[in-house]
Amino acid sequence: PDGHSIVSADWDGIFKIWDVASGIERLSVMSHSPKIMNCAFSPDGRSIISAHMDGILKIWDATSGVESLSLIGHTRIITSCAFSPDGRFIVSASYDKMLKVWDITSGVERFSLVGHTDKISVCAFSPDSHFIVSASDDGTCKVWDATSGTERLSFVSHIKEISRCAFS
């Protein structure tokens, strides 16, 4: 969030934090799983989330690399994850056709967003943290209410899979 660091993750199960100014690697952390599908900094820059092929999300301390929380609930590969801009929640997307919204403090799943009929490739919060957008191999892009978990809109304009979507 401050523009001074980059987090990268690979299918080798390692995520790294890099200093932008110097290009020097500041931290290298071996995960529990050999394939990290996605990673992101928290809005305050103190935590990192990683999404894994084994269906587990991990929250890590961005300074020490120590794991602080495991979020277990998906039954298949997690393809995408994001922190809410207000720093209170995480959303994750999976091959199990569900999105899950998690409370960051407790690690408890708040609810599952169900409505896609195929793998979900990506998810994101709106800048105000009120909505979640998701894209799926079912050819739809859906908008969800982040507070209630209800589906608000569904865009069905693609013939094939939708690989990415984002809020302005």
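Trainee: How many salt bridges does the structure hold?
Mentor: Good place to begin! This is a predicted model. Side chains of opposite charge can pair when their charged atoms come close. Counting such pairs here, the number of salt bridges is nine.

Trainee: Which residue meets K119 in a salt bridge?
Mentor: Let's look at where the two partners sit. K119 lies in the loop between strand 11 (109-114) and strand 12 (120-125), while its partner is in the loop between strand 13 (131-136) and strand 14 (141-145), so the pair ties together parts that are 18 residues apart in sequence. The N to O distance is 3.5 Å, and the partner is D137.

Trainee: Is D145, the salt-bridge partner of R152, buried or exposed?
Mentor: The side chains of R152 and D145 meet at 3.6 Å, N to O. R152 has 48% relative accessibility, so R152 counts as partly exposed. Buried means under 20%. D145 has 16% relative accessibility, so D145 counts as buried.

Trainee: And R46, which pairs with D44: buried or exposed?
Mentor: These two side chains form a salt bridge at 3.0 Å, N to O. D44 is partly exposed at 46%. The cut-off for exposed is over 50%. R46 reaches 59% relative accessibility, so R46 counts as exposed.

Trainee: What radius of gyration does the chain have?
Mentor: Nice step back to the whole chain, which has zero helices and 15 strands. Its C-alpha atoms fill a box of roughly 45 × 30 × 30 Å along the principal axes. With 168 residues, a compact globule would have a radius of gyration near 15 Å, and the chain agrees, with 15 Å.

Definitions and conventions: Residues are numbered from 1 along each chain as its sequence is written. This is a predicted model: local features need pLDDT of at least 70, side-chain atom pairs count only at pLDDT 80 or more; totals for chains, interfaces and linings use all residues. Side-chain values use heavy atoms; hydrogens and water are left out. Helices (H or I, at least four residues) and strands (E, at least two) are DSSP runs, numbered from the N terminus. The radius of gyration is taken over C-alpha atoms; the globule rule is 2.2 Å times the number of residues to the power 0.38. A salt bridge is a side-chain nitrogen of Lys or Arg within 4 Å of a carboxyl oxygen of Asp or Glu. Buried means under 20% relative accessible area, exposed over 50%, partly exposed in between (1.4 Å probe, protein chains only).
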